Amino acid sequence: MKTIRYSKDMDVLFIELSDKLIECVEDKGNFIIHYSKDMEPVLIEILEAKEFLLKIIASIIQETEIVIP
């Protein structure tokens, strides 16, 4: 994994997976996935990251399954 950054101002978590150039973007609700020309994920943006991460942490603590639509 290249880098993980959090923007407090935008409440977005950026997960950089590759240095490849971004050719297309897919919007999946609170997830935005950027792909290379060969459809390899390059960057994942998680919108409303604080809420998302709190849900993940709560599910780990409670040992429950979380479903992400």
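**Exercise 1. Work out how exposed Lys-55 is and which residue its side chain meets in a salt bridge.**

Step 1. Lys-55 has a relative accessible area of 46%, so it is partly exposed. Keep in mind as you go that this is a predicted model.

Step 2. Now look for the partner: the side chain of Lys-55 meets that of Glu-51 in a salt bridge, at 3.4 Å from N to O. Glu-51 counts as partly exposed too, at 42% relative accessibility.

Step 3. Place the pair in the chain. Both residues belong to helix 1, and because they are four residues apart, about one helical turn separates them.

**Exercise 2. Find which residues are joined with Lys-20 into one salt-bridge network.**

Step 1. Begin with the total: the structure holds five salt bridges.

Step 2. One of them joins Lys-20 to Asp-38, with the closest N and O atoms 3.4 Å apart. Lys-20 sits in the loop between strand 2 and strand 3 (24–28), while Asp-38 is in the loop between strand 4 (31–35) and strand 5, 18 residues apart.

Step 3. Lys-20 also meets the side chain of Glu-40, this time at 2.8 Å from N to O. Glu-40 lies in the loop between strand 4 and strand 5, so its pairing with Lys-20 ties together parts that are 20 residues apart in sequence.

Step 4. Check the accessibility of each residue. Lys-20 is partly exposed at 37%, Glu-40 is partly exposed at 32%, and Asp-38 is exposed at 52%.

Step 5. Put the pieces together: salt bridges with shared partners make one network of Lys-20, Asp-38 and Glu-40.

**Exercise 3. Decide whether strand 2 is largely enclosed or open, and find its pairing strands.**

Step 1. Strand 2 covers residues 12–16, and four of these five are buried, so the rest of the structure largely encloses this strand.

Step 2. Strand 1 (residues 3–7) runs antiparallel to strand 2, joined by five bridges. Strand 5 (residues 41–47) also pairs with strand 2 in the antiparallel sense, again over five bridges.

Step 3. Follow Ile-15 in strand 2: Ile-4 stands opposite, and in strand 5 its bridge partner is Ile-44.

**Exercise 4. Locate two residues, Asp-11 and Glu-48, that have a positive phi although neither is a glycine.**

Step 1. Recall the background: most residues other than glycine have a negative phi.

Step 2. Asp-11, with a phi of about 55°, is in the turn of the hairpin formed by strand 1 and strand 2, which have four residues between them.

Step 3. Glu-48 has a phi of about 50° and lies in the loop between strand 5 and helix 1 (49–62). With a relative accessible area of 42%, Glu-48 is partly exposed.

Key:
Residues are numbered from 1 along each chain as its sequence is written. This is a predicted model: local features need pLDDT of at least 70, side-chain atom pairs count only at pLDDT 80 or more; totals for chains, interfaces and linings use all residues. Side-chain values use heavy atoms; hydrogens and water are left out. Buried means under 20% relative accessible area, exposed over 50%, partly exposed in between (1.4 Å probe, protein chains only). Helices (H or I, at least four residues) and strands (E, at least two) are DSSP runs, numbered from the N terminus. Two strands pair if DSSP finds at least two bridges between them. A salt bridge is a side-chain nitrogen of Lys or Arg within 4 Å of a carboxyl oxygen of Asp or Glu.
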